[in-house]
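These are my notes from going through the structure below, entered in the order in which I looked things up.

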Amino acid sequence: MMASKALPLFPEAAKTALSNTQLRRNLSKATTTIRAKRAAVVGELPDWEDLRTAGSAIKARVMRHLDEYLLQLESAVERAGGQVHWARDAAEANRVIIAIIQAANADRVVKVKSLTTDEIRLNGALARAGIRAIETDLAELIIQLAGETSSHILVPAIHKNRSEIRDLFRRTIARGEELSDDPSQLAAAARAYLREQFLSAQVAVSGANFAIAETGTTCVVESEGNGRMCLSLPHTLLTVMGIEKILPTFRDLAVFLQLLPRSSTGERMNPYTSLWTGVTPGDGPQAFHLVLLDNGRTNVLADEVGRQTLHCIRCSACLNTCPVYARTGGHAYGSVYPGPIGAILTPQLLGVKQAKTLPYASTLCGACYEVCPVKINIPEVLLHLRGEVTQQTPPLNPEALAMRELARIFVSPERYERAQRLARRGQRFFMHGGVIDHLPGIFSGWTTTRDLTPVPKQSFRDWWRARQKGRQS
Amino acid sequence: MRAALFITCFNDTLFPNVGIATTRLLERLGLTVEFPETQTCCGQMHYNTGYQRETIPLVRHFVEVFDTAEVIVAPSASCVGMVRDLYPRAAKLSGDGALVEAVERLTPRVYELSELLVNRLGLTDVGAYYPHRVTYHPTCHSLRVLHVGDAPLRLLRGVKGIDLVELPGAAECCGFGGTFAIKNADTSLAMLSDKMRCVLDTGAEVLCAADTSCLMHIGGGLHRQRAGVATVHLAEILAATESEAE
């Protein structure tokens, strides 16, 4: 489990985010741009829908036979000179990782951008063990220097604009040098700082986009080349991977290396694709450790509807397209995994009790499902999780009572018509100038900014009956 | 063709004119309209809010009411989406094999209004006259659950006298989402204000959609701002004729 504490409530966290005008501007600009880029490169492929179907089918097969593929991967990695470690949860993974780093006599590691290590809060655990973690992905570095957390799967610093980054670099890595907000100058400052780290680090920690059960090959895709530096320069490489990231055969990569870059960065191909199989004497890291992490995933796998969540390849297309995410940003979701995928993954990893507002952080508009490269039916899983939330809600909760009473009214035509008449009579207390402009309690959220149409004198069924009567006479 | 009107509780109670327009339109096109009077609510709000077990009796009731209908038509994309997309799941949840089968028999006969007109009846010109500047908001359910595509737009293009203008960012949700607008009122409002800006940018005097729930949401915001844009359901535009025009 990621944490046992309940997350902050989404509506409240969202309210804070929504009032930050700079954040709104940054997010709207970034998500609009990346949506258009994705749409353009996806539109180029006549077989995009077939690719999605293939991606979904491969992942469904992986989930069906995950136990076998994991053992196959373990033996393939060990055959190629790597070591495999199994971690039930975050604490176990962090213990394994710290022990390996300490055995290598290192007090510092360079890191490839990895959500899985964020999920297990590795950097904090390393710091407590006296080991310094240096993020080398530019955006990860930015948020690490700022002491913040990621707000996007792919673009962790999406909430920041370049002048905010300039100010941050001036305070931290620029060492008093003058710095403009020109992106190339900002990148140069980061490069100068990171080069030193790459050349002196003994241990690197990465995640993995894919691992091939057949060959034991691990794969990281990235844009900057900083990941490649980490994966090739240090002596020891530690890769932490969720157990669901397996692909059965090398051939399957062909599907995902098309789906992923087009969905995530809106590129035909990502600039750097690193593949390694165990260790190669004299070339690259000479010690390779693969940590296979469960941390709640087998619980997700056990759920017939929720299982498809594990198909996710962390492309972030659902975040970019989501009208909720595009306005609240990622921090409102209170988890490493924000946006629509986070709204279904986090409650499943933590348990719905810990994240009971997340399944409701969606209008069910379906935009996420439409762009998902592996066809995760996010609205379906959201509804399924909402069902679990209400099952765990105390039966005397006001919403639950109201819903049950309404269901009792709706199932009977007589009670339904009586309720219609009652609403017509009762609404006059809330009406002003022909509309309902103020409602009490939870409904005030509607009328603070919207008028509500009043119930008219005649319902449709009244009209119908009057017409039928007129025809008969 | 005998068309059983599934009015939806929302239209029945709050927007009877949409039902009246749908009835007149279908009768003008030569269909026999029936209104099974024991119909109530499809249960969409319950299901979408997570009260899925509470929905099962409503599914059962709906199936009983509409079992013998030749075709079932509703002027609401989201309620049709509920029946076609979610009734099979609710029935499965009930564990009642007979209900699962009954739902399977029923769902292929359920149409949203524009689907019935364009896809089933092959009509795009229904003889309507509507001399106003109109912009069309394709609701999420019509686009991404029912996949009606451009059927409503083809019908609107066939309307005489209409000045149809494109809505920027049309495919984006207006922020209603049923109980979402209550549970996440601030986020809902942020989405609504962007949608209203897009509507106002078109200079349209009428905003049209195939769902009164989304129209009530956007219209409620526009009305509060005294924006001077009316919200009108697709059925009302299609039902309007030259002889009725004032």
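A helix here is a DSSP run of H or I with at least four residues, a strand is a DSSP run of E with at least two, and the numbering starts at the N terminus. I also note that this is a predicted model.

**Entry 1: positive phi**

I looked up A:Arg121, which sits in the loop between α6 (115–119) and α7 (122–128) of chain A. A:Arg121 is not a glycine, yet its phi is positive, at about 50 degrees.

I then turned to A:Arg314, in the loop between α13 (297–302) and α14 of chain A. A:Arg314 is not a glycine either, and it has a positive phi of about 55 degrees. Is A:Arg314 buried or exposed? Its relative accessibility is 10%, and buried means under 20%, so I enter A:Arg314 as buried.

**Entry 2: buried residues within one chain**

I went to A:Thr136, which lies in the loop between β3 (132–135) and α8 (138–146) of chain A. The relative accessible area of A:Thr136 is 0%, so it goes down as buried. Which residues does A:Thr136 touch, not counting those up to four places away in sequence? I list A:Val110, A:Lys111, A:Val112, A:Leu194, A:Phe198, A:Glu224, A:Asn226 and A:Cys230.

In chain B I looked up B:Glu112, which is part of strand β4 (residues 110–112). B:Glu112 has 1% relative accessibility, so it counts as buried. Leaving out residues up to four places away in sequence, B:Glu112 touches B:Val73, B:Ala74, B:Ser76, B:Ala77, B:Val80, B:Leu146, B:Val148 and B:Ala210. I also checked B:Glu112 against B:Ser78: the two are 34 residues apart in sequence, and their C-alpha atoms are 8.9 Å apart in space.

**Entry 3: where chain A meets chain B**

I started from A:Ser459, in the loop between α21 (444–447) and α22 (460–472) of chain A. A:Ser459 has a relative accessible area of 0%, so I record it as buried. What is A:Ser459 in contact with, leaving aside its neighbours within four places in sequence? The contacts are A:Gln420 and A:Arg424 in chain A, and B:Asp12 and B:Pro16 in chain B.

Next I took the helix α22(A) and its packing against helix α2 (residues 16–28) of chain B. Two packed helices are described by the angle between their axes and the distance between the axes. For α22(A) and α2(B) the angle is about 45 degrees and the axes are 8 Å apart. That angle puts α22(A) oblique to α2(B). On the α22(A) side I find A:Phe460, A:Trp463, A:Trp464, A:Arg467 and A:Arg471, and on the α2(B) side B:Pro16, B:Gly19, B:Ile20, B:Thr23, B:Arg24 and B:Glu27. I sorted the residues of this contact into 5 nonpolar, 2 polar and 4 charged. B:Pro16 appears in this contact and also touches A:Ser459.

**Entry 4: a helix pair within chain B**

I looked up helix α5 (residues 77–94) and helix α6 (residues 97–106) of chain B, whose axes come within 8 Å and cross at roughly 170 degrees. Angles over 145 degrees count as roughly antiparallel, so α5(B) and α6(B) are entered as roughly antiparallel to each other. From α5(B) the contact takes in B:Val83, B:Tyr87, B:Pro88, B:Ala91, B:Lys92 and B:Ser94, and these meet B:Leu99, B:Val100, B:Val103 and B:Leu106 of α6(B). By class, the residues of this contact are 8 nonpolar, 1 polar and 1 charged.

**Entry 5: cavities**

Rolling a probe the size of a water molecule over the atoms shows where empty space is left. How many cavities of 30 Å³ or more are there? I get 3.

The largest cavity holds about 100 Å³ of space. Its lining has 16 residues, and nearest its centre are A:Cys312, A:Cys315, A:Cys318, A:Cys372 and A:Pro373. At least two lining residues come from each of α14 (317–321) and α17 (367–371) of chain A. I count the lining of the largest cavity as 14 nonpolar, 1 polar and 1 charged.

The second largest cavity holds about 90 Å³. It is lined by 14 residues, with A:Cys322, A:Pro323, A:Pro340, A:Ser362 and A:Cys368 nearest its centre. Here α16 (339–350), α17 and α18 (378–392) of chain A each give at least two lining residues. The lining of the second largest cavity divides into 10 nonpolar, 4 polar and no charged residues.

Technical notes: Residues numbered from 1 in each chain as written. Chains lettered and ligands numbered in written order. Predicted model: local features only at pLDDT ≥ 70, side-chain atom pairs only at ≥ 80, totals over all residues. Heavy atoms only, no water. Axes fitted to C-alpha atoms, helices over the stretch in contact; angles between N-to-C directions. Parallel < 35°, antiparallel > 145°, perpendicular 65-115°, else oblique. Contact = heavy atoms within 4.5 Å. Nonpolar A, V, L, I, M, F, W, Y, C, P; charged D, E, K, R; others polar. 1 Å grid on protein atoms, 1.4 Å probe; cavity = no way out; pocket = protein on both sides within 12 Å on 5 of 7 lines; lining within 4 Å. Points joined across faces, edges and corners; volume = space filled by probe spheres on them. Buried < 20%, exposed > 50% of the residue type's maximum accessible area, 1.4 Å probe, protein only.
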